[in-house]
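Hello,

Here is the structure I promised to pass on to you. Have a look at it first, and then read on for what turned up when its empty spaces were mapped.

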Amino acid sequence: MEKSTKRVNSYLKMVLWMAGGGALGAIIGGGSVFLSGGIHGVFQNLTDWLKGNTIVILGILLVISLILSIFCYTKIEGIVRMSKENEDDEIQDKFDQTFDFWGNIGLAGTSVIIYLSMAAYAFQMYRNMKSVKELLISSGIFLFIVIVCGFYQVAAIKQIRRKEPLKQGDAADRNFEKIWLSSCDEGEKKIIFEAGYKAFSITRIFLLVATLIAMLGETFFDGGLTAVVLLTACNIFMTLVYTYFSIKLGK
């Protein structure tokens with residue numbers, strides 16, 4: 001009898017979720033009909049602004065990537081140095097937590113910057129291809145950003161390996177994730193697996209919402225840059241969620 005009640009409740013919940021999703025879709029669809037002109041104008045102005053300021057945006061991202069990379073690298077170097085000078089177990093635990101925190105911030109931050117740079121560069125590519133000079137400048141800045149962030153991520157992995165000699169793998173290797181995971185202990189693997197599963201669960205909901213937005217993309221973006229914006233948002237969101245749970249579970 002109890003099992004039957006649980007089944008009914010589960011089915012009822014599913015129906016309510018579907019009804020709620022249908023109601024939300026109807027609200028969004030109806031709102032887009034009445035507000036399509038105003039919303040289209042706002043997004044069109046935003047798109048034009050992004051296209052016209054791509055070089056400035058990429059320049060800002062380049063400065064941020066340099067500051068973030070240098071700060072996180074020097075911060076972790078200081079932690080490693082203090083860790084070697086002090087062998088107290090209790091203080092070592094604090095050093096380890098701080099080391100992991102800034103390592104995650106640096107790796108996640110540089111990844112987010114790469115995703116944002118790709119999106120900004122895409123707006124430049126959609127402009128008039130006759131602007132060869134602007135295209136070359138933006139291409140150079142974008143390439144420099146990728147190099148800075150990529151070099152930092154390689155250096156960050158080397159820092160971790162210096163602190164934990166049992167770790168294996170080079171960030172530039174094609175099968176780095178597999179080698180790195182095999183060298184982690186059981187506690188580290190547990191954190192990675194739990195963080196990955198939570199990121200997957202939350203991102204799955206996020207992607208459903210993104211799919212609804214894609215269905216209305218023609219109204220908001222004229223269907224041109226919808227995929228670029230959504231893929232960038234998905235990548236950033238997944239990276240931030242994974243980093244959050246890695247730090248939280250690591251404590």
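**Pocket and cavity**

The largest pocket holds about 1600 Å³ of space. Please keep in mind as you read that this is a predicted model.

To find that pocket on your screen, start from Asn104, Leu107, Trp180, Ile192 and Tyr242, which lie nearest its centre among the 39 residues of its lining. Several helices take part: helix 3, helix 4, helix 5 (176-182), helix 6 (186-215) and helix 8 (226-250) each give at least two residues to the lining of the largest pocket. Helix 3 supplies the largest share, with twelve residues. As for chemistry, the lining of the largest pocket is made up of 20 nonpolar, ten polar and nine charged residues.

Now to the enclosed space. The count gives one cavity of 30 Å³ or more, and the volume of the largest cavity is about 30 Å³. Around the largest cavity you will find Ile76, Phe99, Gly103, Leu107, Ala156, Gln159 and Ile160. Two elements, helix 3 (89-125) and helix 4 (132-163), give two or more residues to this lining. Which kinds of residue line the largest cavity: nonpolar, polar or charged? Five are nonpolar and two are polar, while no charged residue is found there.

One residue is worth clicking on in both places: Leu107 belongs to the lining of the largest cavity and is also one of the residues nearest the centre of the largest pocket.

Enjoy exploring, and write back with any questions.

Best wishes

Key
Residues are numbered from 1 along each chain as its sequence is written. This is a predicted model: local features need pLDDT of at least 70, side-chain atom pairs count only at pLDDT 80 or more; totals for chains, interfaces and linings use all residues. Side-chain values use heavy atoms; hydrogens and water are left out. On a 1 Å grid over the protein atoms alone, a cavity is a set of points where a 1.4 Å probe fits but cannot get out, and a pocket is an open set with protein on both sides within 12 Å along at least five of seven lines; lining residues have an atom within 4 Å of a point. Grid points are joined across faces, edges and corners, and a volume is the space filled by probe spheres set on the points. Helices (H or I, at least four residues) and strands (E, at least two) are DSSP runs, numbered from the N terminus. Ala, Val, Leu, Ile, Met, Phe, Trp, Tyr, Cys and Pro count as nonpolar, Asp, Glu, Lys and Arg as charged, and the others, Gly among them, as polar.
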